[in-house]
Every structure is written in C-alpha cells, then in structure tokens.
Amino acid sequence: MKQYIRILSFITLLLTSLGSFAQSQGDGWNCFAVLAGKATTIDNSVLLAHNEDDSGEQMINIYNVPANKEKGTNKYIWVEFPGMAVADGFLNEYGVAVVSDACNSREDREDFTDVGVLYQVRESVAKYAKSARHAVEIIGKIVTEKGYTGSGRTYVVADCNQGWVCSVVKGRHWIAQRVPDDMVMSIPNYYTIGEIDLSDTSNFLGSPDIISYAQERGWYNPEKDGKFIFKKVYSNPGTYSSYRNAFRHISAMNYITGENYTLNPDTYPFALKPNRKLGLDDMIQILSSHGENIPDNLIKERKTDSHNECICNDRTVCAAIFQLRNYIPVEIGAVMWATAASPCIEAFIPWYSGMTQSPDGFTRFSSAELAQERHFSDSKEKQKNYPNGIAWKFVNRLEWVLEDYPARIGKISATKNKIQKELFDNQQKFEEKIIKLFNSGSASSYKQIQAMLNKYTERCYNNYFKEF
Ligand SMILES: [Zn+2]
C-alpha cells in the first residue's frame, strides 16, 4: 500500500509541480538505463540495467544466434520485439551488452547515404564487437558512413571490464564517453554527456567536428555560452526540459548517492560516486521504482492512480540487468537477468552468454535466421498468429495486475521477491559446478557446459511458472 501511495504521489508530482518544465510532444519517456563501473559493485562486476518501454502489442522473443564463421559474426543472445526498429537488446559471446534510450536531438536536417542506418546499429555491435570500446567504434563508424535516421539516441554498451555511453544525432554526428570504474551513470530519454575532450581518447570518442558543426548551425557560441556542453547544445529543448525525464533521472541519482537533486539537468553530473557498493538488488530497486526516491519536498499532492510515468511503468515490456564479470570465464561471467514485462511484477531470470538454446516458447520461429528475415515483415497481430509464445503469459499477468494494481500487487510482489531471492542464492553453487568443468579443459566438457547453461535457464522458467 505504501508503494502505491508513493506511485500516486509521484504521478501527482508530475502533474502539479512542473515549474518551468514542459510537457511536449516527443519529450520521451521510453526506457531508462543505469551503468555501474566495476569498482562500485559488491561483486566487482560491471552492471548494466535497462528498462525497455514501448507501446502497442509487444511480443518478447529471445533467440540464441549462432556464430557465422564465413561472415565473421559472433554468437549472441538477441532479445527481439518483432517489428520494432529500436527496442531490441543484445549480449554477445565476448560479454558485450548493448541497450539504448531514445534521446531527441535538435537536428532538423537529413544527411544519409542510401536509406541511412537505424536498426542495424546495435545488431552490428552484437555481431562484431569484441569489447565495449570496440562497440563504440563500430557505432561511430556506421553512423559516420551511413547517417543515423532517427532524431537521436544514446547507446549504452558494456563488457566485463568497462562501460561506455554513446550518443548519436540524426545524420552523421556522435559522441561517446567512458563511465569511470568508480562511478555510476543513469540516463532517461535525454543526452547526459556534458563537457567533452576528444584529445582524451581513453575517455572520449566522437565526430571530430562535433563542436564546429554546432557553431556553424548557430547552436553554440563560445563567447556567449562558455564551455561546450554536449547535452545542452545538441538536445531537443523540449526533451531536455521534460519533467518526465528529469524526475526519473532524479529518482535514480538520489537512490545511488542518497543526495537530493533539483529539477535542473544542467546541474546533473554525467556519472556519480555511489554512497555504498551496489548489487543486483539495487539495480532491481531502480528499475522497478515508482518514484520512491523523489524527495518529499518535490511531492505536493496525491490525486491520480496510474502506474505510469515512472521508471517502471505500464509500457515497460522488458527489463534486463547485465552482470558482467572479468574473473570467471565469459560464458558464465556475462549473464543477462531478464524479465518480460514490468520489473515490479516479474522476477529476473538468468541467461548466460555461453548458452546456445532458448527455452520453449521464447522463439516464434525455428531459427534465428528466419526471425531476422521476418523481423519487420511479419509483425502484425502477433498474439493471433503466434499464440504459443511464452510472451503472452507475461502480458496476461501484467494486464491482470493492472486491472486492480493496489489489490493485486502485494501478493504478486511477495511471490516474485521470494523467487528472486532463491535465484540469486542458487547462482554461486551453479557457477561453481560450471567452473569445475571449465578447469577440466576437455572439448567434451565444453559441450556439456553449453548444455548445462541451456538447461539451467529452462529449469528456472519451468520452476517460475510452477510457482508463479
Ligand atoms: Zn511497476
């Protein structure tokens, strides 16, 4: 009940204390990401957490795409939403994970080669990247060569050692910044990179003309504006001043540092030092939050009852936490904990990067190749055409909870928390078994490892649906 009251409070806050903040078309409240450097986490993992928010009929599929030696592509796990151009998430065999948040830019000119590039950006990361930095280089190269067709977007990429934030602008401009190991970055749907230094190539990569182009366009005048601040110069002004973005951002930053931030994104640092070490539970807290961390002085009245406009909301179709560890083999060191639907309703189930086969119901086609061919061409009336998808179990539960959220969330939440705890408790024992097999070093044990990883995820889901 307390949580529900906080939801009410948060929504009301959005509606009532807007100040100079605008609610504009396209200001964006789709997706949220958090990236914690490896020195900020309890187990020294890089943690990348992400909520994917989309409207309309969405059907989650998760494929294990095999490597293709002839084409030189990696093996990877592909979280697919049929028909969607910018919703899919990936984790490849090198432990490289990529997600993204829409970030509207102020660019109103088109500059593309052929049809430009959109969907292919992160698919290329999954297929070819061998590290997070390599992923950024791939994104930069594609955007520069082909031109990005969306208004703007920020890709968050991570591997078992480090994380990067890579913001692209419609056309051929982009900028990327490394997240320091001892810091945590969070991002709603606006650019967050501030001051840049392209001569510091261990921390920045980007278009060489990112500043001069802004000057040419009249977006930046060094004499009047002072230092070049990417987020201020390149953001769509409506997006940058959206209360929906700032409130979600504040909610995460407050949770990470315990400090209070005001409604002014100019003052938010790119990344923050957390006030304690963070773990998977903390990422779940952030992704499933309904405004709990908004300071009381910003919450004025309680009027509405929508489970919306928070980090976790009615449109959250998938949440994932990539736990990326460099001190055990990447096959188990890189794991995607994923929910289908809202993270306040569903537990996160592990998918190891070394696995080769998805459990039944997660793939609407028999091969990933066929799914890739038909990703856009076969995306209508999915529930009618593909009724056996496991996705509908999650969709149905979400719809049922939302019919009467206050009455139903309590029991649901208690059950999913209990299951989540068991899943976390079982992790170490399971991984120890796998590490023993790795240490034996034989080729046959590698096959056995893959089979065990496949079986583990399958068993987790079977148990989940038995209990839940
Ligand atoms: Zn929720």
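Two strands count as paired here if DSSP finds at least two bridges between them, and that rule is the one to keep in mind at the opening stop of this tour, which goes through a predicted model.

**Stop 1: strands β5, β6 and β7**

Select residues 97-102, which make up strand β6, and then add residues 148-158, which form strand β7. These two strands run antiparallel and are joined by 6 bridges; to find one of the pairings by eye, pick Ala 102 and look across to Arg 153, its bridge partner in β7.

Now add strand β5, residues 89-92, which also runs antiparallel to β6 and is joined to that strand by 2 bridges. Phe 90 is a useful residue to display at this point, since Val 98 of β6 stands opposite. If you follow the chain through the hairpin of β5 and β6, you pass 4 residues between the strands, and Gly 95 in this hairpin takes a positive phi near 80°.

Is strand β6 largely enclosed or open to the outside? Of its 6 residues, 5 are buried, so the strand is largely enclosed by the rest of the structure.

**Stop 2: the nonpolar cores**

Next, show the side chains of Phe 230, Tyr 234, Ile 321 and Met 336, which touch the most other members of the largest nonpolar core, a set of 137 residues. Helix α14, residues 405-440, is the element to colour next, for it gives the most to this core, with 10 residues.

Keep Tyr 234 selected and display its surroundings: leaving aside residues up to four places away in sequence, its contacts include Val 169, His 173, Tyr 191, Ile 210 and Phe 228. Also among them are Ser 105 and Arg 106, together with Tyr 213, Ala 214 and Trp 219. A second core, separate from the largest one, holds 11 residues, and you can locate this smaller group by selecting Phe 247, Ile 250, Leu 263 and Ile 294, which are among its members.

**Stop 3: the cysteines**

How many disulfides does a search of the whole structure find? The search finds 0. To see one case for yourself, select Cys 318 and Cys 31 and draw the distance between their sulfur atoms: Cys 31 holds the cysteine sulfur closest to that of Cys 318, yet the separation is 9.8 Å, which is too far for a bond, because a disulfide requires the two sulfur atoms to be within 2.5 Å. Cys 318 counts as buried, at 7% relative accessibility, and Cys 344, which you may add to the view, also counts as buried, at 4%.

**Stop 4: two loop residues with positive phi**

Move to the loop between β1 (32-36) and β2 (46-53), where Asn 44 is found. Although Asn 44 is not a glycine, this residue has a positive phi of about 60°, and with a relative accessible area of 40% Asn 44 is partly exposed.

Then go to the loop between β13 (334-340) and β14 (349-352) and select Ala 341, which is not a glycine either and has a positive phi of about 85°. Ala 341, at 7% relative accessibility, counts as buried.

**Stop 5: salt bridges**

The count of salt bridges in the model comes to 22, and a few of them make good selections. Begin with Asp 181 and Arg 178, whose closest N and O atoms are 2.9 Å apart; Asp 181 is partly exposed, with a relative accessible area of 25%.

Continue to Arg 397 and Glu 346, a salt bridge in which the closest N and O atoms are 2.8 Å apart. Arg 397 lies in helix α13, residues 391-403, while Glu 346 lies in the loop between β13 and β14, so this pair ties together parts that are 51 residues apart in sequence. Arg 397 is buried, with a relative accessible area of 13%, and Glu 346 counts as buried too, at 1%.

Finish with Glu 467 and Lys 418, where the closest N and O atoms are 2.5 Å apart. Here the link is between distant parts of the chain, 49 residues apart, with Glu 467 in helix α15 (residues 443-467) and Lys 418 in helix α14. Glu 467 is partly exposed, with a relative accessible area of 39%, and Lys 418 is partly exposed as well, at 44%. As a last selection, take Glu 107, Asp 108 and Arg 217, which are joined into one network by salt bridges that share partners.

Notes:
Residues are numbered from 1 along each chain as its sequence is written. This is a predicted model: local features need pLDDT of at least 70, side-chain atom pairs count only at pLDDT 80 or more; totals for chains, interfaces and linings use all residues. Side-chain values use heavy atoms; hydrogens and water are left out. A nonpolar core is a set of buried Ala, Val, Leu, Ile, Met, Phe, Trp, Tyr and Cys residues joined through side-chain atoms within 4.5 Å. Buried means under 20% relative accessible area, exposed over 50%, partly exposed in between (1.4 Å probe, protein chains only). Contact means heavy atoms within 4.5 Å. A salt bridge is a side-chain nitrogen of Lys or Arg within 4 Å of a carboxyl oxygen of Asp or Glu.
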